[in-house]
Amino acid sequence: MLVVDNDGLHSLQEASGSIALGAGYHTIAVTYFEATGSQVLTVSLEGPGIPKQPIPAARLFRQVPAPTTNVPPVLASPGARELMEDEPVSVALDATDADGDLLWFEASGLPPGLVLDSETGVVSGSPVGRGVYPVVFGVSDGPAAASVAVEWKVVPEPSAPLLAAAGAAVLALARRRRAP
Ligand SMILES: [Ca+2]
């Protein structure tokens, strides 16, 4: 089945197509024609939860690997967290795989403003919406997956007027103490 057709004589241009694929191994063939001018060939993929990127070499196989006993990955809970609105956060998910498999991270229900890097497992950004967010983090080694559910809250930053009032109170107290 032809997914992307970028045939013909032309300068560098990108073409795209889409196909529904289930989990597992799929055959891919890339044919290339070159006549004059410069030559560039890049094949990228993109999918639900997968940002557009050149197909990682670790995801390409010359033949389907023989099935082996797979130990599922383990994902430690990042815990319930209270995040400050508009404050940058960086949380690295902690996952291990006894087989040393390449791991792939996913998250659902993240507060707006936060994104998860599916390769590094780092959640970063600045949350913008106050509220309580039930978040599910997942990690997959391909054939197996693990997930944890946590509750993350986004709360407003302590407001400046409150801090100013507290400072004034301390100042008044200091003045009173200094009096004879
Ligand atoms: Ca594994």
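Strands β8 and β9 (residues 122–125) are joined by three bridges and run antiparallel. That pair is a handy way into this predicted model, whose chain holds eleven strands and one helix. Read from the N terminus, the elements go β-β-β-β-β-β-β-β-β-β-β-α. Below is a quick tour of the sheets, a hairpin, the nonpolar core and one residue, I55.

**The three-strand sheet**

- Within the β8/β9 pairing, V115 sits opposite S124 of β9.
- The pair belongs to an open sheet of three strands, ordered β5-β9-β8 and paired antiparallel.
- At the edges you'll find β5 (89–92) and β8, each of them pairing on one side only.
- Going from one strand to the next, the twist averages 15 degrees.
- As general background, strands of a sheet pair through backbone hydrogen bonds, either parallel or antiparallel.

**The four-strand sheet**

- Another open sheet takes four strands in the order β4-β11-β10-β7, and here the pairing is mixed.
- Its edge strands, each pairing on one side only, are β4 (81–84) and β7 (104–108).
- The twist in this sheet averages 30 degrees from one strand to the next.
- β7 and β10 run antiparallel, with five bridges between them.
- If you want a residue pair to look at there, take E106, whose bridge partner in β10 is G138.

**The β1–β2 hairpin**

- Strand β1 (residues 44–47) is antiparallel to β2, and three bridges join the two.
- One bridge partnership to look up is S44 with P54 of β2.
- The hairpin has two residues between its strands, and G49 in this hairpin has a positive phi near 80 degrees.

**The nonpolar core**

- In general, nonpolar side chains of soluble globular proteins tend to be buried together.
- In this chain, 12% of the 180 residues count as buried.
- The largest nonpolar core has 14 residues, and the ones touching the most other members are L75, L93, A95, F105 and V139.
- Two or more residues of this core come from each of β8 (114–116), β10 (131–140) and β11 (145–155).
- The biggest contributor is β10, which gives three residues.
- Take L75 as an example: setting aside neighbours within four places in sequence, L75 is in contact with L93, A95, F137, V139, A146, S147 and V148.
- Across the chain, 57% of the contacts with a separation of 6 or more are between residues 24 or more positions apart.

**A closer look at I55**

- Where does I55 sit? I55 lies in the loop between β2 (50–54) and β3 (74–75).
- Why does I55 count as partly exposed? I55 has 13 C-beta neighbours inside 10 Å, so it falls between the exposed limit of 12 or fewer and the buried limit of 20 or more.
- Leaving out residues up to four places away in sequence, I55 touches V43, S44, L45 and L60.
- S44, one of those contacts, is also the residue bridged to P54 in β2.
- T42 is 13 residues from I55 in sequence, and their C-alpha atoms are 8.8 Å apart in space.

Methods. Residues are numbered from 1 along each chain as its sequence is written. This is a predicted model: local features need pLDDT of at least 70, side-chain atom pairs count only at pLDDT 80 or more; totals for chains, interfaces and linings use all residues. Two residues are in contact if their C-beta atoms, placed from the backbone, lie within 7 Å. A nonpolar core is a set of buried Ala, Val, Leu, Ile, Met, Phe, Trp, Tyr and Cys residues joined through C-beta atoms within 7 Å. Two strands pair if DSSP finds at least two bridges between them. Axes are lines fitted to C-alpha atoms, for helices over the stretch in contact, and angles run from 0 to 180 degrees between N-to-C directions.
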